[in-house]
Amino acid sequence: MKIIDIRCMRGPNVWSVRKTRLVVMRLDLEELEELPTNKIEGFYERLRKAMPSLQSHYCSEGHPGGFFERVKDGTWMGHVIEHIALEMQSLADMDTGFGRTRGTGEYGVYNVVFEYYEENAGKLAAEYAVQMAAALVAGTAFDLAGALQQLKKTYQTERLGPSTQSIVDACTQRNIPHIRLNRDGYVQLGYGSQQRRIEATTTSYTSSIAVSLAGDKNATKETLGRAGVPVPAGVSITTEGELEEAVAKIGFSVVIKPLDSNQGKGVTTNVQDMRAAVEAYNWACCFSDEVIVEKFVVGSDYRLLVIGNKFSAAAKRTPAMVFGDGISTIGELINQTNLDPRRGDGHENKLTRIVVDEMLLGHLESQGLSIDTVLPSDVSVTVSDAANLSRGGTSEDVTDRLHPEIVMMAERVAQLIGLDICGIDIIAQDITQPLQASGTSVIEVNASPGFRMHLYPSSGKPRHVGNDVARMLFPDGATGRIPIIAITGTNGKTTTTRITAHLMKQTGATVGFTTTDGIYVNDYMIEEGDCTGPESARTILKDPTVDVAVLETARGGLLRSGLAFDQCDVGIITNVAADHLGLKGINTLEDMVRVKATVAESVRPDGFAILNADNDESYGISERLKCRIGLFSMNPDNERVLAHTREGGLACIYENGEIRLVNGSIKVSIADAQAIPATFGGKCHFMIENILGAVLAAYSQGVDVLTLAQGLYSFQVSDESTPGRLNHFHFRNFDLLVDYAHNPHGMNALGNYLGNLPATSKLGIITGVGDRRDEDIRELGKVVAGIFDEVIIRLDEDLRGRKHQEIIELVKLGIRAANPLCKIKVIQDELQAINYAIRHSRPGQLIVLTTEKIKVAISLIKGFKELDEQAGHYQGQLALH
């Protein structure tokens, strides 16, 4: 077996629009293509023994053990690997279940598709599954325990922390999308101008002044003390010489801690003599130049959580402890405690492992103990000064026991400091009593407090505090979404995208859009190049200035990693034709329809899929959709449109020279097609077709009829606004047109338009695209032969795996098959071909350039046009004299 490729889907994709995180592994079974599992001696038995938990896999049999039945009866190895990869992840704490294995059309090569939690862990599971399957086939050993350990480690490294994840989960439940902005805890919630951002539990609303204040323990105490909040007496010092004076002023017992550390680092509590005070001071200096000495308050340690100025949860925190058994040393007891599966490293799990370090050893020494001390039975010892979970402590939920006066105090503290998410550490003797009677004292205020103690208390009720953050960030049921209009199809995508974006801009919205020539925010290009993939779309969705996203969505990005968004409001399918076939497992027109349909299938239920009723493939997608549908057609008598509107459906048609909206029985004229600049006097039918889809999309998003008309009349087609799309250049004696047409379907549409243009002769500068099938390149030649009197065959710089002569001969074969009299010239370099055509132009001739180097070609043409204008001016001057 051999892995050819591993890709990860990150959004709705051709395999599933609901399961958005999928590994797609292209796997060559090689000799195993001839060996289903029932023909591999002992394979079934070895698999059952190695991974008995696969018994829980139903597979297509629909009951536990169904997968094993398939293996026993005989199934192919790709299917087995799919299930192994899923089960490996489940055994590594990533519970996954969705999988598919499908042939690619290439002998022995399969797409093995399965769900993942974290991308790198999913890829690793794919590799391990292949290795394990190969070992089972050969009857050799495979270290499954080691593989699972590495998978767990990768997962824990990659995943969001529990606090951040709780907020993301709460937003997901409310249909608020998210984008992970880095590999840590920096996450965007919502899209475009409606987004909020979080990093751990710091949010877009968190004040930097408040964070700075909370980080300065001395300033925090002063602020709270002046406001009547109970805080322990204390002073800050910077030298050991000031320590004795501070202790004398406050009196033992004291707490000595760094001014600006966190997670209990450098803190020593209940210091009762000067020797211990010096040691505690020196330890605190390791974390801060300034040290706080404050009165030790008797009581239990509590964390109060306030979110959006409202009390959310409270937890009692207990320092890490071990319980003696009369046999084990403290070190051994710590190791036993760390075996608790709830404990992990850092913040990766519900509890943190107890780490033996200088702080722990110093704390034991202060109690007259060491790591080698054997504790008697039933004797417990704290092994940490701090009650923080990060130091191995535990928590108990006490939210419902907190007295209302303490709740009120907590809410005041959050507002006095100015934190939107605020963790307040208090010491209290009885939290059920009023504030003064409870003995409460605020000892610290925390910006970006951890949620673990509330989400996963060691005892008591879990509190879903992430929900409170989601409500604070997105009040009143807001979802953080902006309108998303996605456009796909074989031809017309870019122009439809530009027209749609222009119509949406008429409302005053800031529109971000992506095309084959760049990424734009309104009319400003922020990135140049082919930007029709998911990363470009995410650039728009991450932009906080964007109110509406209009996204051209090409086949390549869809197959590579899926869509950039979880759902869209409008999905336009301009048309589907035979192009790009034979690439990336897309071999038939039906395969291509399945790819393009992903955009329409991702439309939310109350959104609109906009389909071309004149194109069988586009219209056929309607059968698989659950959203509302809008149809467009160049034929007002199209039966599909008539049936749709009779049932109250929405459509846009070209009728009697006008763009008309049909909403059930109501028909409204939007614009005179001949007066719309983009239609070139109504002569360009494929441009009218693009307009119909764009009008439907904008109308479905609330753009009124008058605004639509204004938008259509003001949209200009030029080399600046729509580069490479019907760019006309008028010379004195001939005309030149630049277009992107590159496949038979697009060339045929262009030919229909050219048939409406007067010319003494027509010259086409064309090429075949190297990664298309032979029949597609020949078909392009046939279409070209029906349009032009003369043809110059040029070549792209990237031949995409073909040889020069191979492309040239295929184009020639197509031309000669359709029109043996057509004149053919070969000039491989595109710029030289343009140069030749212009210099040898004839009066009244129309030269048509189909190009991929749009910017360079147009620059050259403009240079020739400037010379032509100068020559005309010079001749005019001569005539005057």
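# A guided tour of the predicted model

Of the 881 residues in the chain, buried residues make up 55%. The model is a predicted one.

**The whole chain**

Display the full chain as a cartoon to begin. The chain comprises 29 helices and 38 strands. Along the principal axes, the C-alpha atoms fill a box of roughly 110 × 80 × 55 Å. Switch to a surface view: the accessible surface of the chain is about 36,900 Å², and 48% of that belongs to carbon and sulfur atoms. Colouring by charge brings up 88 positive and 110 negative side chains, with the centres of the two sets 4 Å apart. Among contacts in the chain with a separation of 6 or more, 67% are between residues 24 or more positions apart. Two of the stops below, Leu563 and Ala315, show contacts of residues distant in sequence.

**Stop 1: Leu563**

Select Leu563, which is located in the loop between helix 19 (555–561) and strand 27 (568–573). Leu563 has a relative accessible area of 2% and is therefore buried, the limit being under 20%. Now add Pro12 to the selection. Pro12 and Leu563 are separated by 551 residues in sequence, yet their C-alpha atoms are 5.3 Å apart in space. Beyond its neighbours within four places in sequence, Leu563 has contacts that include Arg10, Gly11 and Pro12, as well as Pro534, Arg538, Thr598 and Val599.

Pro534 and Arg538 lead to the next selection, helix 18 (residues 534–541). This helix is mostly covered, with six of its eight residues buried. The buried residues are Pro534, Ser536, Ala537, Arg538, Ile540 and Leu541.

**Stop 2: Ala315**

Move to strand 14 (residues 310–318) and select Ala315 there. Ala315 is buried, at a relative accessible area of 0%. Show Ser395 as well: the two residues are 80 apart in sequence and 6.0 Å apart in space, C-alpha to C-alpha. Neighbours within four places aside, the contacts of Ala315 include Asp301, Tyr302 and Arg303, then Ser395, Glu396, Asp397 and Val398, and also Met453 and His454.

**Stop 3: helix 8 and its cover**

Select helix 8 (residues 217–226) and show its side chains. Lys217, Asn218, Thr220, Lys221, Thr223 and Leu224 are its buried residues. What covers these buried residues? Among the covering elements are helix 7 (208–215) and helix 13 (404–417), together with strand 9 (234–237), strand 10 (254–258), strand 12 (291–295) and strand 21 (441–447). After helix 8 comes Gly228, which has a positive phi near 85°.

**Stop 4: backbone features**

Most residues other than glycine have a negative phi, and most peptide bonds are trans. The next three selections depart from these patterns.

- Select Phe252 and Ser253: the peptide bond that joins them is cis, with omega about 0°. Ser253 has its place in the loop between helix 9 (241–250) and strand 10.
- Select Ala200, in the loop between strand 7 (196–199) and strand 8 (202–203). Its phi is positive, near 55°, and Ala200 is partly exposed, with a relative accessible area of 29%.
- Select Leu726, in the loop between helix 24 (705–714) and strand 33 (727–730). Phi of Leu726 is also positive, near 50°; Leu726 is buried, with a relative accessible area of 1%.

**Stop 5: aromatic rings**

Show the side chains of Phe, Tyr and Trp. The structure contains eight aromatic pairs. Select Trp283 and Phe287: their ring centres are 5.3 Å apart and their planes lie at 80°, so this pair is edge-to-face, a label that requires over 60 degrees. Phe287 is partly exposed, at a relative accessible area of 31%.

Phe513 and Tyr520 form a stacked pair, 4.8 Å from centre to centre with 5° between the planes. Are these two residues buried or exposed? Phe513 is buried at 3% relative accessibility, and Tyr520 is buried at 8%.

Next, select Tyr44, Phe67 and Phe68, which form one aromatic cluster. Add Arg48, which lies over the face of Phe68 at 4.4 Å from the ring centre. For a final selection, take Arg725 and Tyr740: the charged end of Arg725 is over the ring of Tyr740, 4.6 Å from the ring centre.

Conventions:
Residues are numbered from 1 along each chain as its sequence is written. This is a predicted model: local features need pLDDT of at least 70, side-chain atom pairs count only at pLDDT 80 or more; totals for chains, interfaces and linings use all residues. Side-chain values use heavy atoms; hydrogens and water are left out. Rings of Phe, Tyr and Trp (its six-membered ring) pair if their centres lie within 6.5 Å; planes under 30 degrees apart count as stacked, over 60 as edge-to-face and the rest as tilted. Buried means under 20% relative accessible area, exposed over 50%, partly exposed in between (1.4 Å probe, protein chains only). A charge sits over a ring if NZ of Lys or CZ of Arg is within 6 Å of the ring centre and within 35 degrees of the ring normal. Helices (H or I, at least four residues) and strands (E, at least two) are DSSP runs, numbered from the N terminus. Contact means heavy atoms within 4.5 Å. Accessible areas come from the Shrake-Rupley method with a 1.4 Å probe; for residues, only the protein chains shown count as cover. Lys and Arg count as positive and Asp and Glu as negative; His and the chain ends are not counted. The place of a charge is taken as NZ of Lys, CZ of Arg, CG of Asp or CD of Glu.
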